[in-house]
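Please open the model in a viewer and keep the selection panel at hand. The stops below are meant to be followed in order.

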Amino acid sequence: MEDIKSHAAAGGLQLNSQHIPSLATTFNRLFAPIYAGGLLALFYYHVTSLLNSTSLGSFFISVSLFISDVVLAFMWATAQSFRMNPVRRREFPANLKKLLKKDSDFPAMDVFICTADPYKEPPMNVVNTALSVMTYDYPTSKISVYVSDDGGSAMTLFAFMEAARFAATWLPFCRKNDDVDRNPDAFFTSNHGSNSETEEIKMMYEKMRMKVENICEKGMVEDELLNGEERMTFDQWTISFTPQNHPTVIKVLLESTKNKDISGEALPNLIYVSREKSVTSHHNFKTGALNTLLRVSATMTNAPIILTLDCDTYSNDPQTPTRALCYFLDPKLEKNLGYIQFPQRFRGVSKHDIYSGELKHLFVINPVGMDGSLGPNYVGAGCFFVRRAFFGGPYSLEAPELFELGPNHVVEMSIQSQEVLNLAYLVASCDYENNTKWGFKLGFKYGSLVEDYFTGYRLLSEGWRSLFCNPKRAAFYGDVPITLLSVLNQTKRWCIGLLEVSFSKYNPITYGVKSIGLLMGLSYAHYASWPFWSIPVIVYSFLPQLALISGTQIFPKVWDAWFVVYILLFLGAYGQDLVEFIYVGGTFKKWWNDQRMWMIRSVSSFLFGCIELTLKSLGINPNFGFNVTSKAMDEEQNKRYKQELFEFGVFSPMFVPITTAAIVNLASFAGGLIKIWKSDGAWEHLFPQMLVTGFGVVNCLPVYGAMTLRNDEGKLPPELTFFSVSLALLLCSFATFFL
Ligand SMILES: O=c1ccn([C@@H]2O[C@H](COP(=O)(O)OP(=O)(O)O[C@H]3O[C@H](CO)[C@@H](O)[C@H](O)[C@H]3O)[C@@H](O)[C@H]2O)c(=O)[nH]1
Ligand SMILES: [Mn+2]
């Protein structure tokens, strides 16, 4: 890559540009100290009310409110790191074409696709993801696609065997057509006009799809579908072969130098890898899978550039790798560019995104802010790395135990040669990593269930920087979870992973600020502290309401200047959030749902995440893991999702805080109204609490609907309503005694 860089320098070609949104930045920089002033005033008020508390009850209330506001203020302060220094970028792929004239000028690229469960992640979707990158506008012989199957599923392998055959037709078709939709499913479902060739290929695709879905329904690959050689491959799936316990399976499905498409052009390399699993050795979930792919790909192609994808995140733009090259090959950028993150974007999101699956702050707004410092965090998919970044800092190479796995090794043998395969099998075995630096100094980093967050963080600490590339046309599309429970479980997993980082020696405040500077340290601290949002949200969902029920005033009176401080702080935070959300293309309704889901995640996922991690550290429940989010489509559930109905349906403890809060808020609001109606001056004292409670009620509207009005499978199970009502009654009676 270095020679191309010097070439670019000589030609003076501009490959990218950056722009600082100065108006917004100036506003944010001025607004921050003003808001901070408001916070200081609030804390002055808190301290005085703490000192003046007269009873145990009022002391308890004051302390709770104080702690909640400390957490909120801390989250606000850390979030300012995203606002001080934003950068937007553009790239010019057309100029790159002037630089890279021949196929051999392009650097090779290894694409990693992870899948883990053929039932939650239908093999056909994984295949479509692979096909979407195999058809990149990039020299085919330079692309190698590695599929990691942690589910060790014969069905997934079968699907890929079919895909390898289909690719021979699909690739030349895409080249000729030059349409940007290269995921067959996306292509055929959108309207592309049709001619006889398109129809023919569509038939081929449908045939393949049906064949694959058929075996998935049966749960096995039938013998008569296979030819002799294929049968030998599937013979490895013996009776004792389970997802948790099985030997390594590596199958080269396409080899670029040997396999040609129907027009005679080379096909990309396509390799299926299911690493060895044993119940007795820990496999580190996705992180372990990625490290296996790092090693296996090193033995076969060892490309200097790596793209990581989840099984559902398909490419939506064939120009994407060239966009990444506009940075990797730019001689003006420093040598320490470690990765380029594209935003995660999603298809099939409901009209107003009821579960806030788009997570605009995480995937779009905040990365722009971090890009002005050392760069965005890694979000697990849609990220181009330089391979070298996995082997120590930019100026200090950390050599792996085998030279062949290092970034400087050049592979000269065929990827199907016995020698290469032997090595590939060796490095994919389950105890290969014992007594090596993998996961600690080499590769993706172990120690957190959010391997993406943690790995990106560690790379920046080692001296790498990253970039955020956010072209207009989405580079990738993934699936959003479409039921409330899967959203909550996903966030719970993230929460556990984030807490693991908070409580490790890599805490972003102590270790981070030192190694990556104040702003970046605060950004990472902001995420690491997500779980603590549960504290203020739970307090504000219950305390003012319960106090209202017992008629206790906990906020300043309406006419009090302190009430104005409260209102301004609330409006300031919410208003700024709304503007940012709209600015990146959000709508008011999506934003409303986003703030609601923030609360729901906080009272449920974050709370349960904290509990689970505590239980684990006490040794009570040591075996939590990576619960894979389902990407399989249940027709009925999807219908309800599209109608924007909250999906409950099952009795899950995760729902209890939400439903209980809904009931308490409603009861309290009604109780408050009665109190105000009955006694003349009461509203002055209770109005602020009525405001909080009313806000709670409006946010809970879908819950009331699910409790009472609905009759579909996704409604709240009556047992759950009963349980929550009892719990709410209990809380209310406690409140009347103690508050
Ligand atoms: O043991 C495992 C578990 C999961 N996966 C794969 O990991 C990916 C992400 O899993 P998913 O269930 O989709 O998790 P999400 O929470 O939706 O994913 C987000 O959060 C993860 C970190 O928790 C990141 O790894 C992902 O890239 C990011 O999109 C999927 O392709 C899985 O197949 C494995 O390969 N092995
Ligand atoms: Mn996912």
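The tour moves from the domains to the ligand, then to the annotated residues, one helix and some backbone details. The model is a predicted one.

**Domains**

Begin by colouring the two domains: domain 1 comprises 22-85 + 507-738, and domain 2 comprises 104-480. Their C-alpha centres are 38 Å apart. To display the contact between them, note that 31 residues of domain 1 meet 32 residues of domain 2. On the domain 1 side, the elements that contribute two or more residues are α16, α17, α19 (561-583), α20 (588-617) and α21 (635-642). That side consists of 14 nonpolar, 9 polar and 8 charged residues.

**Ligand 1**

Next, select ligand 1. It lies between domain 1 and domain 2, because both give residues to its shell. The shell has 25 residues, and the closest are Cys 114, Ala 116, Asp 310, Gly 380 and Thr 629. Sorted by class, the shell holds 11 nonpolar, 7 polar and 7 charged residues. Which elements should be shown around the ligand? At least two shell residues come from each of β3 (109-115), α10 (285-300), α14 and α15 (484-502). The largest contribution is that of α15, with 4 residues.

**The annotated aspartates**

Now select Asp 150 and Asp 452, which the unreviewed UniProt entry lists under "active site". Are these residues buried or exposed? Taking a residue as buried when 20 or more other C-beta atoms lie within 10 Å of its own, each can be examined in turn.

- Asp 150 sits in the loop between β4 (143-149) and α6 (154-177). It has 25 C-beta neighbours inside 10 Å and therefore counts as buried. Leaving aside residues up to four places away in sequence, Asp 150 touches Thr 115, Ala 116 and Ala 289.
- Asp 452 belongs to helix α14 (residues 451-461). With 24 other C-beta atoms within 10 Å, Asp 452 is buried. Under the same exclusion of residues up to four places away in sequence, Asp 452 touches Tyr 378, Val 379 and Gly 380.

Ala 116 and Gly 380, named here as contacts, are also among the closest residues to ligand 1.

**Helix α16**

Proceed to α16 (residues 508-516) and show Pro 508, Gly 512 and Ile 516, which are buried. Viewed down the helix axis, the buried residues fall within an arc of 10°, so they line one face of α16. An α-helix has 3.6 residues a turn, so residues three or four places apart point the same way. Rotate to the face turned away from the buried side to find the exposed residues Thr 510 and Lys 514. The cover over the buried residues of α16 includes α14 and α17 (518-528). Just beyond the helix, Gly 517 adopts a positive phi of about 90°.

**Positive phi outside glycine**

Most residues other than glycine have a negative phi. Two residues to inspect against that background are Leu 359 and Asn 435.

Leu 359 has a phi near 40° and is located in the loop between β10 (346-347) and α12 (360-371). Leu 359 counts as buried because it has 21 C-beta neighbours inside 10 Å.

Finally, select Asn 435, whose phi is positive at about 60°. Asn 435 is part of the loop between α13 (418-427) and α14. Its 8 C-beta neighbours inside 10 Å mean that Asn 435 counts as exposed.

Conventions: Residues numbered from 1 in each chain as written. Chains lettered and ligands numbered in written order. Predicted model: local features only at pLDDT ≥ 70, side-chain atom pairs only at ≥ 80, totals over all residues. UniProt positions renumbered as here; feature names shortened; annotations may be inferred. Buried ≥ 20, exposed ≤ 12 C-beta atoms within 10 Å, placed from the backbone. Contact = placed C-beta atoms within 7 Å. Arc of directions from axis to C-beta. Near = placed C-beta within 6 Å. Nonpolar A, V, L, I, M, F, W, Y, C, P; charged D, E, K, R; others polar. Domains from an automatic or database assignment.
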